[in-house]
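Got a minute to walk through a new structure with me? I'd like to ask how we know what we say about it.

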Amino acid sequence: MSKGKVVLAYSGGLDTSCILVWLKEQGYDVITYLANIGQDEDFEAARKKAESLGAKKVFIEDLRTEFVEDFIWPAVQANAVYEDRYLLGTAVARPCIARRQVEIARREGAQFVSHGATGKGNDQIRFELTCYALYPEVKIIAPWRIPEFYNRFRGRTDLMEYAREHGIPVPVTPRAPWSMDANLMHISYESGILENPKSRAPADLYLMTKNPEDSPNVQDVLEIEFKKGVPVKVTNMNDGISKNTALDVFSYLNEIGGKHGVGRIDIVENRFIGMKSRGIYETPGGTVLLKAHLDIETFTMDKEVRRIKQGLGIKFSELVYNGFWYSPECDFVRHCIAKSQENVEGKVQLSVFKGQVYILGRESPKSLYNEELVSMDVQGDYDPCDASGFIRINAVRLREHHRLQGLSSTKQ
């Protein structure tokens, strides 16, 4: 008798293929779900493999547009960067994937969901917090946290042996000696030979970006148009190519950024679960957009509003990294950030060249830049004499501090 239906987040790789068969052994009816969020994948081959392994149903969902519009764009508006460097490509993808997983589970009457995330990483948290938030009564099967499973499969060799025993097709070519996660926003690399933080990444590791040394000797000059802090159009000033849908804009920026080797980082970061990990990331389009958005935002946003918004961006980044996209506090922060973006509108011109993004100029109907006011050649509506009082008022605190410090030093 069946224990019930389980919707498995399935990649078609060795781990989740073994988990599919293992769940069947435990008595579950397995429904597999594969999300297309821009990774290079043979989705039809994955479908046939799941069916051949006994999946009751196979769902392959194209989530690329909603991934950009509902998840990447809010991250762009926030200037979301975790620990000053990581642009959160994996972290923003997980709530997108898990949201559709629970939609399928509800629709199919499945009371269980499952995934192949390890017990040491962030992804288990991100998947499961989303599932519990959107499907509170759901039960989660996390094999890599079940002793019966992880004691049986202590490594890839055990998984390969299990696959051979159960007729699970295994990769013909050896797996790269590191773990890789790819989506439309980025590719991440970790584990394996990268676990030694001193070891340099092999030159052939990167798949989205060219080595800057090998990139073209001619820059691409782009104009990116924003409305409410979101890119709505990109135009290449070299050849006139223009894109104006969310998916096309982001994909094109990936193409141009990748061609010039933009967006590579090698970092040690703090996982939510309490350990440090070494990760290598390439985020070409996201890096171009971060530079452009920062520029148009500063041009159009009040100084004090921006100062508050910077703090909200840091908070948003931490919440997303830690898996709290669907928390009330993240919902509140997102709404505040969206409010701050109402006047973030205009065009930024930039150059992409040899691993770098150079801002060339900007224009906006909502600009707060007053050329006459700031000019050194025109007086404008400003009296320089007012600066004397402004400076003296600001100096009161400093003078008092150093006067008292002087007395204190004398007494010592």
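Q: Where does UniProt place the feature "domain: Arginosuccinate synthase C-terminal"?
A: This is a predicted model, by the way. The UniProt record, an unreviewed entry, puts that feature at residues 178-399. In the model, that span is 36% helix and 25% strand, and its end C-alpha atoms lie 58 Å apart.

Q: And which residues does UniProt list for "domain: Arginosuccinate synthase-like N-terminal"?
A: The record, again an unreviewed entry, lists residues 5-169. Here the span is 50% helix and 16% strand, with 24 Å between its end C-alpha atoms.

Q: What makes the reach of helix 3 close to the expected one?
A: Helix 3 covers residues 64-78, which is 15 residues. The expected span is 1.5 Å times one less than the number of residues. For helix 3 that gives 21 Å, and its first and last C-alpha atoms are 20 Å apart, so the two values are close.

Q: Where does helix 3 bend, and by how much?
A: The bend is about 35° and sits at isoleucine 72. There's a proline within the four residues that follow, namely proline 74. Just after helix 3 comes asparagine 79, with a positive phi near 55°.

Q: Why is helix 3 called mostly covered?
A: A residue counts as buried when its relative accessible area is under 20%. Eleven of the 15 residues in helix 3 pass that test, so "mostly covered" fits. Among them are Phe67, Phe71, Ile72 and Trp73. The cover includes helix 4 (89-108), strand 9 (230-236) and helix 8 (246-259), along with helix 9, helix 10 and helix 11.

Q: How do you describe the way helix 10 and helix 11 pack, at what angle and distance?
A: Two packed helices are described by the angle between their axes and how far apart those axes are. For helix 10 and helix 11, the angle is about 145° and the axes are 10 Å apart. The crossing is left-handed.

Q: Which residues meet where helix 10 packs on helix 11?
A: From helix 10 the list includes Val305, Leu312, Phe316 and Leu319. On the helix 11 side you'll find Val333, Cys336 and Ile337, among others.

Q: Why is glutamine 124 called buried?
A: Its relative accessible area is 5%, and the cut-off is under 20%, so glutamine 124 counts as buried. Glutamine 124 belongs to helix 5 (residues 123-134).

Q: What does glutamine 124 touch, leaving out residues up to four places away in sequence?
A: Glutamine 124 touches His115, Ala117, Thr118, Gly119, Arg145 and Ile273.

Methods
Residues are numbered from 1 along each chain as its sequence is written. This is a predicted model: local features need pLDDT of at least 70, side-chain atom pairs count only at pLDDT 80 or more; totals for chains, interfaces and linings use all residues. Side-chain values use heavy atoms; hydrogens and water are left out. UniProt positions are given in the numbering used here, feature names are shortened, and annotations may be inferred rather than shown by experiment. Helices (H or I, at least four residues) and strands (E, at least two) are DSSP runs, numbered from the N terminus. The bend at a residue is the angle between axes fitted to the seven residues ending there and the seven starting there. Buried means under 20% relative accessible area, exposed over 50%, partly exposed in between (1.4 Å probe, protein chains only). Contact means heavy atoms within 4.5 Å. Axes are lines fitted to C-alpha atoms, for helices over the stretch in contact, and angles run from 0 to 180 degrees between N-to-C directions. A crossing is left-handed if the near helix is turned anticlockwise from the far one by less than a right angle, and right-handed if clockwise.
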